[in-house]
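Here are a few friendly notes to read with the model open beside you. Please have the strands in view as you go through the points.

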Amino acid sequence: MKPKILVTRKLSDTAEEKLKKDFDVTLNPKDEPIPNNELIKMANEYDGFISTGFDKIGEEFFKDLNGKLKIIAQVGVGYDNISIKSAEDKNIKVTNTPNVLNEAVAETTILLILAASRRIGEAYNLVRSGTWKDQKPDLTKFMIGNSVTGKTLGIIGMGRIGRMAAKCAKAFGMKIIYYNRNKLSSDLEDGAKYFSDIESMMPECDFVSIHTPATAETKHILNKATINLLPKHAVVINTSRGSTIDDDALIEALQNNKIYAAGLDVFNNEPNLDARYMKLDNCFVLPHVGSATHETRLAMSMMAVDNIFCFFENKPLISEVV
Ligand code: 8YV
């Protein structure tokens with residue numbers, strides 16, 4: 001009998017076709033979110049899940065498992081929606097999709113850097129609202145932003161995505177500094193300057209961009225105290241997870257022009273982000289689209305499917321979390 005696999009959300013067609021060849025697959029062609037209680041019930045009917053960051057696979061999910069579920073292959077590099085400890089306790093493998101999204105997320109980081117510093121949200125809204133013609137094109141005031149070229153970018157979390165963002169930023173002549181748990185080898189640093197504590201890096205940043213996973217350690221890594229250390233012209237960028245930012249602190253800083261701007265792709269309580277962000281001209285917001293390219297989503301889907309193949313063929317997993 002073929003192992004039964006549940007694919008919780010619509011994947012790229014090629015990945016679904018590949019999976020169907022060897023497995024008894026339940027797809028979600030309409031991409032309807034599966035309610036949490038349904039997902040928990042389904043867990044005992046399948047040998048494997050292909051999950052996304054939208055599925056809640058916390059402690060509750062694992063509580064009454066009967067041993068059938070053996071692998072959860074997440075389509076995403078982040079897996080903060082999954083209780084890794086519970087999976088480990090129940091001897092369930094978890095895989096993710098690192099590397100294949102580095103470029104797409106780095107592109108989004110650059111997009112946010114440019115959009116936030118060059119006031120692209122305001123400029124775009126002005127044209128779309130039909131009120132450009134009513135503006136006085138004042139040479140020193142009209143949509144004047146801050147240049148990016150030659151500025152200093154502070155990276156919090158110099159992992160694979162952080163390093164790719166640094167590489168792209170260098171095309172703008174940006175100087176790279178970083179805060180990380182450990183100093184990297186000079187090869188990986190590639191000229192970036194290391195700070196062993198975030199407090200001493202903050203005052204040096206023209207831009208600061210977060211690239212850490214969501215953990216207890218990184219929760220509110222940008223908070224009132226760290227944000228207060230940024231220069232008044234600083235721009236905050238986030239493509240990691242909303243939990244890394246204390247919303248009250250960032251919103252207060254943006255409202256009172258304690259920093260220049262923010263460019264955010266991720267939020268606490270997505271998609272119900274704090275409504276105050278949407279009222280701020282100096283905050284450029286995106287709906288968590290960091291990895292949203294055809295090429296990247298296909299690569300992510302394929303990697304999750306390939307992890308499923310490896311597991312059931314008793315081969316080493318491509319990207320094992322536990
Ligand atoms: C995904 C992401 O779109 O990979 C991640 O961790 O945040 C995004 O690329 C999202 O998690 C859906 O699985």
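The points below take the two sheets of this predicted model in turn.

1. Let me start with the smaller strand numbers. An open sheet is formed by 5 strands in the order 2-1-3-4-5, with parallel pairing. Its edges are strand 2 (24-26) and strand 5 (93-95), each of which pairs on one side only. Ignoring direction, neighbouring strands of this sheet are turned by 20° against each other on average.

2. At one end of that order, strand 1 (residues 4-7) and strand 2 run parallel and are joined by 3 bridges. If you want a spot to click on, L6 stands opposite T26 in strand 2.

3. Which helix packs on this sheet? Helix 12 (residues 294-312) does, touching strand 1, strand 3 (48-52), strand 4 (71-75) and strand 5. The direction of helix 12 makes about 165° with that of strand 4.

4. Now for the other sheet. Here 7 strands form an open sheet, ordered 8-7-6-9-10-11-12, and the pairing is again parallel. Strand 8 (193-195) and strand 12 (283-285) are the edge strands, each pairing on one side only. From one strand to the next, the twist averages 20°.

5. Moving inward from the edges, strand 6 (residues 152-156) runs parallel to strand 9, and 4 bridges join them. G154 has V208 in strand 9 as its bridge partner. Helix 11 packs on this sheet, where it touches strand 10, strand 11 and strand 12. The direction of helix 11 makes about 135° with that of strand 11.

6. Strand 10 deserves a closer look, since both of its neighbours can be followed. On one side, strand 9 (residues 207-210) pairs with strand 10 in the parallel sense over 4 bridges, and S209 stands opposite I237. On the other side, strand 10 pairs with strand 11 (residues 261-264), also in the parallel sense and over 4 bridges. There, V236 stands opposite A262. Between these two strands the chain crosses from strand 10 through helix 11 (residues 247-255) to strand 11, and this β-α-β crossover is right-handed.

7. Are the side chains of strand 10 (residues 235-238) buried or exposed? V235 and I237 point one way, V236 and N238 point the other way, and all are buried. In a regular strand, side chains alternate between the two faces of the sheet. Do look at N238 here: this residue is buried too, on the side to which V236 points.

Conventions
Residues are numbered from 1 along each chain as its sequence is written. This is a predicted model: local features need pLDDT of at least 70, side-chain atom pairs count only at pLDDT 80 or more; totals for chains, interfaces and linings use all residues. Side-chain values use heavy atoms; hydrogens and water are left out. Buried means under 20% relative accessible area, exposed over 50%, partly exposed in between (1.4 Å probe, protein chains only). Two strands pair if DSSP finds at least two bridges between them. A crossover is right-handed if, with the strands pointing away from the viewer, the path from the first strand over the helix to the second runs clockwise. Axes are lines fitted to C-alpha atoms, for helices over the stretch in contact, and angles run from 0 to 180 degrees between N-to-C directions. Contact means heavy atoms within 4.5 Å.
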